[in-house]
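Visitor: I would like a close look at a single part of this protein, and at how that part sits among its surroundings. Could you walk me through it?

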Amino acid sequence: MSVAVLVPAAGRGERLGPGAPKALREVGGEPLLRHALRSLGAAPEVDLLVVAGPPGDLAATEAACAGTGALVVAGGTDRRASVAAALRALPPEVDVVLVSDAARPFVPVELVQRVVATVAAGAPAVVPGLPVADTVKQVDGTGHVVATPPRELLRAVQTPQGFARVVLERAHALPAELLVTDDAGLVEALGLPVLVVPGAPEAFKVTRPEDVEAAEALLRRRGA
Ligand code: C5P
């Protein structure tokens, strides 16, 4: 088995406010991307890291990756295109592919290992998920509720998501108009099963300014 982790890191991070691309924003004096690569690379099962950076700003991404051994490629205009660009850069021997957001700096090594082991055991697609605390409503374009799915059946899904390489390649060959917010969504569109395994609160995504504060607090706790 040969395992690669693709790290989409080409997002602007507009919900974080003005500034550098999100993956290059710093917490604890280091870019989010560098934290993410350290977390993901800590799993001995991981053989290769491929980062998709902002196409116009690859030098800064390369600097953030210095010394990590990660391969850096130019990403695309949306997350799906960035993952596809990283997928095209994989050497032929890779047969298990994980995709993990640069914006999730503190993925625990056990979570990486759980996802890899579940794909290695034969699951075509695996996603980590957590139970949701809030009741979630589906609404229409006018804001009216159309459905309230039973809360115990819902999961908030994280990364790393893991795939047999052939499955992820087939998923990314689907028409580009198919807009999804995660790679598992493409595999669902193929009609293949996607298995949810337990996620981890530490694998939260840095999206808004308060998430940066949460990341700084987590680092302070770890340093204590
Ligand atoms: O915007 P969101 O937080 O959902 O982005 C998730 C991940 O996708 C981030 O790591 C971001 O850098 C990445 N992304 C990307 N290329 C884009 C847009 C987002 O690699 N064009």
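Guide: Gladly! Let us take helix α1, whose buried residues pack against β1, β2 (26-27), β3 (30-31), β4, α2 (58-65) and α4 (109-120). Please keep in mind that this is a predicted model. The helix covers residues 32-41, and eight of its 10 residues are buried, so α1 is largely enclosed by the rest of the structure. The buried ones are Leu32, Leu33, Arg34, His35, Ala36, Leu37, Ser39 and Leu40. That list includes Arg34, His35 and Ser39 alongside the leucines.

Two of these helix residues lead us further inside. Leu33 and Leu40 are among the residues with the most contacts within the largest nonpolar core, which has 61 residues. Leu6, Val7, Leu49, Val50 and Val51 are also in that group. In soluble globular proteins, nonpolar side chains tend to be buried together.

From α1 we can step to one of its packing partners, strand β1. This strand spans residues 3-8, and six of the six are buried, so β1 is largely enclosed by the rest of the structure. In a regular strand the side chains alternate between the two faces of the sheet. Here, Val3, Val5 and Val7 point one way, while Ala4, Leu6 and Pro8 point the other way, and all of them are buried.

β1 has strand partners as well. With β4 (residues 46-53) it pairs in the parallel sense over six bridges, and Val7 stands opposite Val51 of β4. With β6 (residues 96-99) the pairing is again parallel, over four bridges; there, Val3 has Val96 as its bridge partner.

β4 is also one of the elements that the buried residues of α1 pack against, and Val50 gives a good view of its surroundings. Setting aside neighbours within four places in sequence, Val50 is in contact with Ala4, Leu6 and Val7, and further along the chain with Ala70, Leu71, Val73, Ala86, Ala89 and Leu90.

The end of β1 brings us to the ligand. Pro8, one of the buried residues of β1, is among the residues that come nearest to the ligand, together with Ala10, Gly11, Ser82 and Asp101. There are 18 residues around the ligand, and this shell divides into seven nonpolar, six polar and five charged.

Now let us step back to the whole protein. Its secondary structure comes to seven helices and 12 strands. The C-alpha atoms fill a box of roughly 50 × 40 × 35 Å along the principal axes. For 224 residues, a compact globule would have a radius of gyration near 17 Å, and the protein has 17 Å, which agrees. Buried residues make up 40% of the 224. Among contacts between residues at least 6 apart in sequence, 67% join residues at least 24 apart.

Two loop residues round off the tour. Gly199 lies in the loop between β12 (195-198) and α7 (209-223), and counts as buried because it has 24 C-beta neighbours inside 10 Å. Beyond four places in sequence, its contacts are Leu111, Pro128, Gly129, Leu130 and Gln158. Pro160 lies in the loop between β10 (155-157) and β11 (161-164), and a cis peptide bond joins Thr159 to Pro160, with omega about 10 degrees.

Key:
Residues are numbered from 1 along each chain as its sequence is written. This is a predicted model: local features need pLDDT of at least 70, side-chain atom pairs count only at pLDDT 80 or more; totals for chains, interfaces and linings use all residues. A residue is near a molecule or strand if its C-beta atom, placed from the backbone, lies within 6 Å of it. Ala, Val, Leu, Ile, Met, Phe, Trp, Tyr, Cys and Pro count as nonpolar, Asp, Glu, Lys and Arg as charged, and the others, Gly among them, as polar. A nonpolar core is a set of buried Ala, Val, Leu, Ile, Met, Phe, Trp, Tyr and Cys residues joined through C-beta atoms within 7 Å. A residue is buried if 20 or more other C-beta atoms lie within 10 Å of its own, exposed if 12 or fewer, and partly exposed in between; C-beta atoms are placed from the backbone. Two residues are in contact if their C-beta atoms, placed from the backbone, lie within 7 Å. Two strands pair if DSSP finds at least two bridges between them. The radius of gyration is taken over C-alpha atoms; the globule rule is 2.2 Å times the number of residues to the power 0.38.
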